[in-house]
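Grab the structure, open your favourite viewer, and work through the exercises that follow. Each one gives a task and then a solution in steps.

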Amino acid sequence: MNAPFDTSTAIGPAANVQPAPDHQVAVIGLGYIGLPTAAVLASYGWDVCGVDVSEKVVETVNAGGIHIEEKDLDRLVREASDSGKLTASLEVPSAHFYMIAVPTPLTEEKTPDISYVESAARAIAPQVQPGACVIVESTSPVGTTERVAQIIAELRPDLKLPVYGSQEPGDIALAYCPERVLPGKIVRELVQNDRVIGGITPACASRAGALYKSFVEGDCLTTNCRIAETVKLTENSYRDVNIAFANELSVIADDLGVDVWDVIALANRHPRVNILQPGPGVGGHCIAVDPWFLVASSPKAANLIRTAREVNDFKAVYTERRVRALLDAVPGKVALLGLAFKPDIDDFRESPAMEIALSLAKTRGSRIMVVEPYATELPAGFAGSGAQLVELDEALQTAEVIVVLVDHTAFKHLLPADLAGKLVFDTRGMLKK
Ligand code: SAJ
């Protein structure tokens, strides 16, 4: 294990004293957001220590490797590691900035679980020095940044913490700055996107803003922490509601016997209409989760947002039913194209395509062929089902039914002639585009 920061290094003094130049950032959580952020910060000259609870992750990063797939991340991490600017550790070091990028999962009751953020706050507390800044990036319910402040205050009675609504300077700064990057474009969007930086006090926002301004080409917009927390949840809820509109429309169009893709394409020629694309349901770790955080905080008011979640979840159920109807209609094999949660990524977690394929394989496995260019073998859940992973050509030769679940670029060369004589169910409208 590489040594974390040299804790003998003088850390910036209290807010009323001129701070020493900052150069150390501790990024807590080396997942899809933390690792790319740590590597980008290192590439901009910061001394970054990535912290993770997994020994394997720490070893991998210290060896200049990556444990997740993301475009350009391998090169970035290798260079950052080679330059000595990025190290990893199981322990939180003393640093000028602490960035919390740990998961905030949904509980069975569809309420936010912020226990990893709370653990990170407890791990930071013994290390934090006057003048330091703690930033939460994890998607969080409103009030989480203040909860982090409360935890640090309890563990460090020697420090004066900033208080929401007060202008009094604290010994340390706390802010919320949500990640907004799109899987598949994380490295580019980390630098290019605008950022919203919400401080517990305005001074906290401007202190955290200094870190982001060092590498963000987009605008760094400052506000308070409660607004910034709400903004993050709003962004993903907005997208979920809009996708739900498209998904509901696709079911209505089926009832009416009209082509939803034609309807959307023509409706979108209205100057103030911009309908998103229906699909087999909504996946990923964010859009299908974050709206529940708003619902949990305001259950009586959040009717549209809750309904949108239910509409999008139902779309996966509806899609599976339609595939089962096709299986009942013909005796032959069905080829399912794609398992990923969206096109051109290798992430099969929280994927409606994967859920549908797994469920079909359970009862009809011997008739299921899966085509997934991002898989070298079928995920473990398919074991013993009889389902097979095949190349696209084989699926086209053998299957009687073709179901497009993911519009990967690798499928886009398909022509009507390739599908002649087959039953086709295109959940993404790929063949129309
Ligand atoms: N989808 C549709 N129809 C569409 C667009 C998307 O069915 O028209 C589906 C996708 O297939 C996928 C799901 O929605 O299953 C989510 O995909 P996405 O591309 O909309 O979003 P994510 O989950 O990859 O990333 C989102 C982004 N948020 C917004 O666009 C508002 C990203 O900027 C966030 O940083 C990310 O969530 C996050 O981490 O919160």
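## Exercise 1: A helix and its end

Just after α3, Gly 84 adopts a positive phi of about 80°. Keep in mind that this is a predicted model.

**Task.** Work out which residues of helix α3 are buried, and how they are arranged around the helix axis.

**Solution.**
- Step 1: Go through residues 73-82, the span of α3, and pick out the buried ones: Leu 73, Leu 76, Val 77, Ala 80 and Ser 81.
- Step 2: Look down the axis of α3. The buried residues fall within an arc of 125°, so they line one face of the helix.
- Step 3: Ask what sits over these buried residues. The cover includes α1 (34-43), α2 (55-62), β3 (86-89) and α6 (186-192).

## Exercise 2: The loop that follows

**Task.** Find Ser 83 and describe its surroundings: where does it lie, and what is its side chain's polar partner?

**Solution.**
- Step 1: Ser 83 is in the loop between α3 and β3.
- Step 2: With 47% relative accessibility, Ser 83 counts as partly exposed.
- Step 3: A polar atom of the Ser 83 side chain lies 3.3 Å from the backbone nitrogen of Lys 85.
- Step 4: For a longer-range check, take Asp 22, which is 61 residues from Ser 83 along the chain; the two C-alpha atoms are separated by 19 Å.

## Exercise 3: Counting disulfides

**Task.** How many disulfides does the whole structure have, and how far away is the nearest cysteine sulfur for Cys 49 and for Cys 220?

**Solution.**
- Step 1: Search the whole structure, and you get zero disulfides.
- Step 2: For Cys 49, the nearest cysteine sulfur belongs to Cys 133 and is 17 Å away. A disulfide needs two cysteine sulfur atoms within 2.5 Å, so a pair at that distance doesn't qualify.
- Step 3: For Cys 220, the nearest cysteine sulfur is that of Cys 177, at 7.3 Å, and Cys 220 is in no disulfide either.
- Step 4: Now check accessibility. Cys 49 is buried, with a relative accessible area of 0%. Cys 220 has a value of 18% and is buried too. The cut-off for buried is under 20%, which is why 18% still makes it.

## Exercise 4: Around the ligand

**Task.** Which residues are closest to the ligand, and which polar atoms of the protein lie by its oxygen and nitrogen atoms?

**Solution.**
- Step 1: Collect the shell. It holds 20 residues, and the closest are Glu 179, Lys 232, Arg 239, Gln 277 and Phe 341.
- Step 2: Start with the side chain. Glu 179 places a polar side-chain atom 2.5 Å from an oxygen atom of the ligand.
- Step 3: Move on to the backbone. A polar backbone atom of Gln 277 is 2.7 Å from a nitrogen atom of the ligand, and one of Phe 341 is 2.7 Å from an oxygen atom of the ligand.
- Step 4: Work out the cover. On its own the ligand has 770 Å² of accessible area, and the protein covers 89% of that.
- Step 5: Sort the shell by element. Helix α8 (residues 225-256) gives the largest share, five residues.

## Exercise 5: Two positive phi values in one loop

**Task.** In the loop between β9 and α12, look at Asp 344 and Glu 350: are they buried, partly exposed or exposed?

**Solution.**
- Step 1: Place Asp 344 in the loop between β9 (334-337) and α12 (352-364). Glu 350 lies in the loop between β9 and α12 as well.
- Step 2: Read the backbone. Phi is near 65° for Asp 344, positive in a residue other than glycine. For Glu 350, also not a glycine, phi is positive at about 50°.
- Step 3: Turn to accessibility. Asp 344 is partly exposed, with 35% relative accessible area. Glu 350, at 49%, counts as partly exposed.

## Exercise 6: Two buried residues

**Task.** Describe the contacts of Thr 145 and Ala 132.

**Solution.**
- Step 1: Thr 145 is in helix α5 (residues 144-155) and is buried, with a relative accessible area of 0%.
- Step 2: The side chains of Thr 145 and Glu 229 are joined by a polar contact of 2.6 Å. Beyond four places in sequence, Thr 145 touches residues including Leu 174, Tyr 176 and Ile 200.
- Step 3: Ala 132 lies in the loop between α4 (115-124) and β5 (133-136), and is buried at 1% relative accessible area.
- Step 4: His 96 is 36 residues from Ala 132 in sequence, yet their C-alpha atoms are 4.7 Å apart. His 96 is among the residues that Ala 132 touches, as are Tyr 98 and Arg 207.

Definitions and conventions
Residues are numbered from 1 along each chain as its sequence is written. This is a predicted model: local features need pLDDT of at least 70, side-chain atom pairs count only at pLDDT 80 or more; totals for chains, interfaces and linings use all residues. Side-chain values use heavy atoms; hydrogens and water are left out. Buried means under 20% relative accessible area, exposed over 50%, partly exposed in between (1.4 Å probe, protein chains only). Helices (H or I, at least four residues) and strands (E, at least two) are DSSP runs, numbered from the N terminus. The arc is that of the directions from the helix axis to the C-beta atoms. Contact means heavy atoms within 4.5 Å. A residue is near a molecule or strand if one of its heavy atoms lies within 4 Å of it. A polar contact is a pair of N or O atoms within 3.5 Å; within protein, one must be able to donate a hydrogen and the other to accept it, and residues adjacent in sequence count only if both atoms are side-chain atoms. Accessible areas come from the Shrake-Rupley method with a 1.4 Å probe; for residues, only the protein chains shown count as cover.
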